[in-house]
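Hi,

Here is the structure I promised to pass on. Have a look at it first, and then read on for what turned up.

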Amino acid sequence: MAAIEIVLPAVEAEDRVVETAAGRFRVAGVRIPEKRVTADPELLRDLVKVARAAAAKAHVPYSHFHVGAAVIMADDPEGRIITGANIENASYGATVCGERNALHAAAAKGFRKIRFLALSTADSLGGPLQERSPCGICRQVMREFIDRDESGGAALILIDTGDANFTADIVDIDRLLPYGFRL
Ligand code: THU
């Protein structure tokens, strides 16, 4: 199928300054420019399907909440799909999310730039975006592997909807994690 252009709309809100007797405070605004990304919708659909299938491999005896992720890295010449699922532990803090397991597997193969990352919270499909979205730590890890140049800026994150009429919600890292930390 022919590639389509996906337009992520600009988000713009001005900073506001609050003057008080204790000094001035700045309420941070947001300034995210419009972004246009070209992608093959069949590939995006297939990646979401792979992410949902990967959720079946989750080790979730504590939460019973299955998460699968599938990533294609822009700097992988083979464009292969690398998957992950959430793996829990009796020592709860040792749990690692599905998105990070996929991304760290990709990084361990030497890749550093996300092109497309799909995730599927298989047990909350049909729920609002907040119940299907990546956690804050995973957003920060995505930030690490999306750079600012042309190919990195084109990275898309696809969130499985479970809705027959909508394959995925599409976001990018700027919209998922404004002010994500950078050194
Ligand atoms: N989980 C993920 O795998 N990804 C997320 O972004 C959110 C949470 C996992 C962690 C844990 O195994 C289960 O979902 C419940 O929090």
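A question to start with: is Cys-135 buried, partly exposed or exposed? With a relative accessible area of 30%, Cys-135 comes out as partly exposed. Please keep in mind that this is a predicted model, so everything below is computed from predicted coordinates.

Staying with the cysteines: a search of the whole structure turns up zero disulfides. Cys-97 is in no disulfide, and the nearest cysteine sulfur to its own belongs to Cys-138, 3.8 Å away. Cys-135 tells a similar story, since its closest cysteine sulfur is also in Cys-138, at 3.8 Å. A disulfide needs the two sulfur atoms within 2.5 Å, so the sulfur of Cys-135 is too far from that of Cys-138 for a bond.

Now the sheet. Five strands make up an open sheet in the order E8-E7-E9-E10-E11, and the pairing is mixed. At the edges sit strand E8 (82-85) and strand E11 (166-171), each of which pairs on one side only. From one strand to the next, the twist averages 25 degrees. In general, the strands of a sheet pair through backbone hydrogen bonds, parallel or antiparallel. Strand E7 (residues 67-73) and E8 take the antiparallel option, over four bridges. If you want a spot to zoom in on, try Gly-68, whose bridge partner in E8 is Ala-85.

There is also a helix to look at here: H2 (residues 98-108) lies across E7, E8 and strand E9 (114-121). Relative to E7, helix H2 runs at about 30 degrees.

Last, some backbone angles. Most residues other than glycine have a negative phi, so here are two for you to check. His-64 has a phi near 60 degrees, a positive value in a residue other than glycine. You will find His-64 in the loop between helix H1 (41-55) and E7. At 53% relative accessibility, His-64 counts as exposed, because the cut-off for that is over 50%.

The other one is Tyr-179, which is not a glycine either and has a positive phi near 65 degrees. Tyr-179 is placed in the segment after helix H5 (173-176). Its relative accessible area is 62%, so Tyr-179 is exposed too.

Over to you!

Terms used:
Residues numbered from 1 in each chain as written. Predicted model: local features only at pLDDT ≥ 70, side-chain atom pairs only at ≥ 80, totals over all residues. Heavy atoms only, no water. Pairing = 2+ DSSP bridges. Helix = DSSP H or I, 4+ residues; strand = E, 2+ residues; numbered from the N terminus. Axes fitted to C-alpha atoms, helices over the stretch in contact; angles between N-to-C directions. Contact = heavy atoms within 4.5 Å. Buried < 20%, exposed > 50% of the residue type's maximum accessible area, 1.4 Å probe, protein only.
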